[in-house]
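Colleague: I have a model open and would like to learn how to read it. Could we begin with a single residue and work outwards?

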Amino acid sequence: MHRFTRTAGLCLAIATLALAGCSNTFRHNYMRDQASHHVYRKELVEIWPAVHQELKERGLSWRENPGVFVLETEWRESGGGTLGPTTSSRFLVEGLRLANGGVSLRVTRLDRTSQSIGVGYTDGVVRNSRERAAAANGSTASGSLPTENRSSRDTELELALLQRIDPEGAAKLEADAKSAHP
């Protein structure tokens with residue numbers, strides 16, 4: 001009987017942790033989704049420096065036309081290596097003036113994946129110095145597979161910008177998430 005009670009208690013503890021983890025995920029997803037619809041009650045001129053600061057702290061560099069409130073970061077390698085596909089990412093951040101007088105920020109993440117390929121023409125057996133030189137000097141063909149490009153809205157970065165620019169609005173959003181997903 002003692003073993004059954006201990007096992008039941010352990011199962012209950014694991015279930016509680018799993019549900020708590022699910023609630024945290026639901027709350028975070030709720031916050032990200034709501035952040036994508038947030039309307040700032042400030043002018044773009046006021047919030048744009050905070051956009052610069054967030055990107056700078058993430059180690060990103062960018063190009064923009066002053067006064068337009070659109071910027072595009074440089075490509076940044078985010079994964080891969082010499083033997084596998086290489087992934088690079090960049091962000092497009094747009095400040096939008098809304099008809100109701102507020103402003104909104106929209107962040108789009110662009111990802112590209114490329115894969116280099118190579119084909120060797122040697123059968124693996126090098127019998128003399130001439131074959132060794134031929135194998136070392138261009139007896140292989142190489143190229144790359146077509147580059148795959150994807151773009152998606154980056155609500156994670158939009159949430160980070162909301163937390164930086166409007167901490168009160170972010171705190172209200174967090175409270176709403178907790179009440180929606182206890």
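Modeller: This is a predicted model. Take Ala-160: its relative accessibility is 15%, so the residue counts as buried, the cut-off being under 20%.

Colleague: Where does Ala-160 sit, and which residues does Ala-160 touch, leaving out those up to four places away in sequence?

Modeller: Ala-160 is part of helix 4. With residues up to four places away left out, Ala-160 touches Glu-54 and Arg-58. As for spacing, Ala-170 is 10 residues from Ala-160 in sequence, and the C-alpha atoms of the two are 9.3 Å apart.

Colleague: How is the packing of two helices described?

Modeller: Two values are used for packed helices: the angle between the axes and the distance between them. In this model, helix 2 (residues 44-57) packs with helix 4 (residues 155-165) at an angle of about 120°, and their axes are 10 Å apart. Helix 2 is therefore oblique to helix 4. The two helices make a right-handed crossing.

Colleague: Which residues of helix 2 and helix 4 meet?

Modeller: From helix 2 come Ile-47, Ala-50, Val-51, Gln-53, Glu-54, Leu-55 and Glu-57. On the helix 4 side they meet Leu-157, Ala-160, Leu-161, Arg-164 and Ile-165. By class, the residues of this contact are 8 nonpolar, 1 polar and 3 charged. Ala-160, the buried residue from the start, is among those on the helix 4 side.

Colleague: What does the secondary structure of the whole protein come to?

Modeller: There are 5 helices and 8 strands. Read from the N terminus, the order of elements is α-α-β-β-β-β-β-β-α-β-β-α-α. The protein has 182 residues, of which 26% count as buried. Taking contacts between residues at least 6 apart in sequence, 60% join residues at least 24 apart.

Colleague: Where is confidence lowest, and where is it highest?

Modeller: The general rule is that predicted coordinates should not be read in detail where pLDDT is low. Here the mean pLDDT of the protein is 80, with 70% of residues at 70 or more. Strand 7 (residues 140-144) has the lowest confidence, with a mean of 59, while strand 2 (residues 70-73) has the highest, at 97.

Colleague: Over which residues does pLDDT stay under 50?

Modeller: Residues 15-21. For that stretch the model has 0 contacts beyond four places in sequence.

How values were computed. Residues numbered from 1 in each chain as written. Predicted model: local features only at pLDDT ≥ 70, side-chain atom pairs only at ≥ 80, totals over all residues. Heavy atoms only, no water. Axes fitted to C-alpha atoms, helices over the stretch in contact; angles between N-to-C directions. Helix = DSSP H or I, 4+ residues; strand = E, 2+ residues; numbered from the N terminus. Parallel < 35°, antiparallel > 145°, perpendicular 65-115°, else oblique. Left-handed = near helix turned anticlockwise from the far one by under 90°. Contact = heavy atoms within 4.5 Å. Nonpolar A, V, L, I, M, F, W, Y, C, P; charged D, E, K, R; others polar. pLDDT = per-residue confidence, 0-100. Buried < 20%, exposed > 50% of the residue type's maximum accessible area, 1.4 Å probe, protein only.
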